[in-house]
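Reader: I should like to understand how the terms used for a structure follow from its values. May we go through them in turn?

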Amino acid sequence: MIDPRAALRQGLLGLGRSDSVRRVVERAPVSRAALQRLIAGEDTAAGVAAATELLASGRLATVSFLGEDTVDVAQASRNRDAHLAMLRALQEAGATQRGAAEVSIKLSAVGRALSEDGAKVALDNARQICEAAAAAGTTVTIDMEDPTAVDQTLEVVRDLRADFPWVGAVLLADLRRTEADCRDLATAGSRVRLCKGAAHSQPDSARFEDKRDVRLSYVRCAKVLLEGKGYPMLATHDADLIDVARSLADKELRAPESFEFQMFFGIRPEEQLRLAQAGVAVRVYVPYGDRSRWYRYAVHRMAERPADMMYVRRSGSTKG
Ligand code: FDA
């Protein structure tokens with residue numbers, strides 16, 4: 001029997017690849033409002049403004065550049081430069097102290113998918129971004145974009161960590177391998193963001209397909225990370241998982257500054273503030289950049305939870 005929610009999710013992910021649908025949705029007033037709620041803006045200044053506003057409210061930020069598709073080395077360099085400009089601007093705004101605002105990098109934006117030497121180009125560019133982050137006194141996290149490229153992405157993290165041990169890795173609880181990856185990465189100083197895993201349009205035997213299994217996997221992985229010696233970054237909007245993770249952290253006598261929660265800009269801002277006011281570290285993922293990428297980003301958020309479109313429409317002024 002067809003699961004209507006899975007069908008809707010697949011439909012939305014399919015729409016994300018259609019330019020004509022994108023143009024229609026971008027022009028619709030509700031959609032535009034939704035996009036503007038989920039994305040900080042187009043340029044560095046907008047990203048910095050969102051990050052400093054979050055910091056002023058007691059939250060932390062990880063700023064993520066949405067660049068044009070990277071088709072050549074020159075584009076990869078321009079995207080790298082956008083990250084360098086963001087780090088300079090965050091430092092000038094006083095936002096990078098003690099890693100309060102950091103950047104998240106997509107390796108594809110800095111060259112990974114290029115046919116010639118893509119891996120090397122991406123590593124060189126990521127290294128330059130890490131050097132700039134070190135100079136600014138903050139950190140970098142490498143997003144996990146493609147669940148089929150986990151080994152390749154973690155290899156880049158390992159290479160970068162030789163010089164920059166604070167580079168954050170991302171692990172996805174919907175992959176069967178992730179509990180073992182958590183064990184490998186739960187070492188002293190290791191920053192690991194744990195996510196459920198983004199919605200996918202195709203079934204895959206390497207993943208847990210059932211949402212309940214993904215949540216159970218998330219709990220097992222969070223337990224490994226919180227019992228370990230690293231710095232867990234628990235990225236989820238799921239209230240039950242947040243409660244479980246907080247209990248596990250209490251059980252392990254974890255100091256408040258030894259782990260953090262992460263959520264998306266514009267999603268559950270009241271919960272972000274509630275946790276921050278309770279003394280829990282909360283970092284908000286702030287996307288900004290090229291308008292042509294807004295739609296694809298927002299469609300992925302919708303595919304995870306179609307009700308969000310109504311939610312972002314109803315929400316009041318607590319932006320971020
Ligand atoms: P899910 O979307 O299943 O929501 C669970 C519950 O949360 C809902 O049932 C509801 O109770 C509550 N909820 C969610 N949205 C709500 C809303 N708007 N209002 C009220 N309640 C709401 N993925 C990836 O593949 N690679 C990556 O690098 C990253 N990076 C990343 C960073 C950060 C900071 C986050 C938050 C997420 C990612 N992700 C990611 C995405 C991640 O893998 C996952 O797809 C989404 O976070 C959605 O999963 P949730 O755990 O939030 O649960």
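Author: Certainly; please note that the model is predicted. In helix 4, the buried residues are Ala 46, Gly 47, Val 48, Ala 50, Ala 51 and Leu 54.

Reader: What makes a residue of helix 4 "buried"?

Author: The term requires under 20% relative accessible area. Ala 46 and Leu 54 are among the residues of helix 4 that meet this limit, and therefore they are called buried.

Reader: Against which elements do the buried residues of helix 4 pack?

Author: They pack against strand 1 (60-66), helix 5 (73-92) and strand 8 (282-289). Contact here means heavy atoms within 4.5 Å.

Reader: How do you know that the span of helix 4 agrees with its number of residues?

Author: Helix 4 covers residues 44-56, which is 13 residues. At 1.5 Å a residue it should span 18 Å, and its end C-alpha atoms are 18 Å apart, so the two values agree. Helix 4 is followed by Gly 58, which has a positive phi, near 90°.

Reader: Why is the pair formed by Thr 236 and the ligand called a polar contact?

Author: A polar side-chain atom of Thr 236 lies 2.6 Å from an oxygen atom of the ligand. The cut-off for a pair of N or O atoms is 3.5 Å, so the pair qualifies. Likewise, a polar side-chain atom of Lys 196 is 2.8 Å from a ligand oxygen atom, and a polar backbone atom of Met 144 is 2.7 Å from a ligand nitrogen atom.

Reader: How much of the ligand does the protein bury?

Author: Alone, the ligand exposes 950 Å², and the protein buries 85% of that.

Technical notes: Residues are numbered from 1 along each chain as its sequence is written. This is a predicted model: local features need pLDDT of at least 70, side-chain atom pairs count only at pLDDT 80 or more; totals for chains, interfaces and linings use all residues. Side-chain values use heavy atoms; hydrogens and water are left out. A polar contact is a pair of N or O atoms within 3.5 Å; within protein, one must be able to donate a hydrogen and the other to accept it, and residues adjacent in sequence count only if both atoms are side-chain atoms. Accessible areas come from the Shrake-Rupley method with a 1.4 Å probe; for residues, only the protein chains shown count as cover. Helices (H or I, at least four residues) and strands (E, at least two) are DSSP runs, numbered from the N terminus. The expected span of a helix is 1.5 Å times one less than its number of residues. Buried means under 20% relative accessible area, exposed over 50%, partly exposed in between (1.4 Å probe, protein chains only).
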